[in-house]
Amino acid sequence: MEEEEEEAAPRRRQLPDSNARYRDRRFWDSRYQDEGAAPAEWFGGLERFREQLEAELSPGDRILVLGCGNSALSYNLFQLGYTDITSIDYSPICIASVQDRYAHCPGLHWAVMDARALTFVDGSFDVVLEKGTLDSMMVEETDPWNVSSEARMLLDQVLTEVSRVLRPGGRFISITFAQPHFRKRHYAQPAYGWSVRHTTYGSGFHYFIYVMRKGEELSPSDLALGQSLHLPPQTPPPVHYLQDPDSENFLSAIDL
């Protein structure tokens with residue numbers, strides 16, 4: 001895979017004064033204005049999970065990347081031969097920057113769009129991919145056992161849209177630091193019409209890749225896990241949090 005041209009030493013990442021700012025588009029506009037389109041990766045670049053990801057992709061797939069930011073993921077996939085990739089972000093400054101940076105790649109398409117209200121017609125994509133986007137939407141959640149109704153509604157809005165734009169047999173791939181007993185129950189909802197499985201990558205601190213395949217049924221255990229999301233809150237067992245080496249401070253503050 002061809003590497004991008006070497007960049008000048010990047011400026012220190014702009015960090016918010018509170019985790020809640022990660023849900024504020026003005027924060028991201030300001031950060032992208034400062035950083036430009038120089039690649040910045042959460043959870044590592046493609047080489048860290050290429051084998052697991054490519055196992056889910058096929059030549060000719062129409063791919064949608066949610067919350068692309070200034071990650072090089074879309075470009076790296078293009079370099080591997082996936083030449084029909086649409087990447088969206090709700091920051092117009094971000095999209096203008098990456099659109100200019102990758103103007104030489106005719107198979108890369110960019111759009112300013114909110115993942116909760118996609119403008120694509122039903123069944124537009126073979127693959128929908130997100131890396132850290134859903135995590136950034138849940139930064140204010142401090143109790144992974146009892147997620148707020150607001151956060152559940154937010155995730156449901158996004159996942160409903162993802163299911164809608166996937167064709168039958170399409171795959172939704174979610175890359176996250178969220179452990180299965182916390183995140184999988186959000187994905188394991190019958191209304192989305194997909195199955196759920198996961199794998200991991202990384203050493204020491206593991207990241208998770210969830211793969212949802214539209215048109216397949218949930219297993220009985222996953223169905224039961226999904227139903228648990230709607231039960232009254234219960235007192236959870238103690239949770240031991242791991243320190244995440246990523247420089248983004250919210251990643252080590254919550255575990256969803």
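User: What share of the contacts in the protein with a separation of 6 or more comes from residues 24 or more positions apart?

Analyst: Good place to start! In this predicted model, residues 24 or more positions apart account for 74% of the contacts with a separation of 6 or more. The protein has 8 helices and 7 strands, and buried residues make up 50% of its 256 residues.

User: Why is the pair of Phe49 and Tyr201 called tilted?

Analyst: Let's take it in two steps. A pair of aromatic rings is described by the distance of the centres and the angle of the planes. The ring centres of Phe49 and Tyr201 are 5.2 Å apart, and the cut-off for a pair is within 6.5 Å, so the two rings pair. Their planes are at 45°; under 30 degrees would count as stacked and over 60 as edge-to-face, so the pair is tilted. A search of the whole structure finds 14 aromatic pairs.

User: Where in the chain do Phe49 and Tyr201 sit?

Analyst: Phe49 is in the loop between α1 (25-35) and α2 (50-54), while Tyr201 is in strand β6 (residues 194-201). They are 152 residues apart, and the pair links distant parts of the chain. Both also belong to one aromatic cluster, formed by Phe43, Phe49, Phe177, Tyr201, Phe205 and Tyr207.

User: How do you know whether Phe49 is buried or exposed? And what about Tyr201?

Analyst: Buried means under 20% relative accessible area. Phe49 has 0%, so Phe49 is buried. Tyr201 has 3%, so Tyr201 counts as buried too.

User: Why is there no bond between the sulfurs of Cys68 and Cys94?

Analyst: A disulfide is a covalent bond between the sulfur atoms of two cysteines. Here the cut-off is within 2.5 Å. The sulfur of Cys68 is 4.6 Å from its closest cysteine sulfur, in Cys94, so the gap is too far for a bond. Looking from the other side, Cys94 is in no disulfide. The count for the structure comes to 0 disulfides.

User: What makes Cys68 and Cys94 count as buried?

Analyst: The same 20% cut-off settles this. Cys68 is at 7% relative accessibility, so Cys68 is buried. Cys94 is at 2%, so Cys94 is buried as well.

User: Which residues of helix α4 are buried, and how do you know that they are on the same side?

Analyst: In α4 (residues 92-101), the buried residues include Cys94, Ile95, Ser97 and Val98. These four cover an arc of only 165° around the axis, so they lie on the same side of α4.

Key:
Residues are numbered from 1 along each chain as its sequence is written. This is a predicted model: local features need pLDDT of at least 70, side-chain atom pairs count only at pLDDT 80 or more; totals for chains, interfaces and linings use all residues. Side-chain values use heavy atoms; hydrogens and water are left out. Rings of Phe, Tyr and Trp (its six-membered ring) pair if their centres lie within 6.5 Å; planes under 30 degrees apart count as stacked, over 60 as edge-to-face and the rest as tilted. Helices (H or I, at least four residues) and strands (E, at least two) are DSSP runs, numbered from the N terminus. Buried means under 20% relative accessible area, exposed over 50%, partly exposed in between (1.4 Å probe, protein chains only). Contact means heavy atoms within 4.5 Å. The arc is that of the directions from the helix axis to the C-beta atoms.
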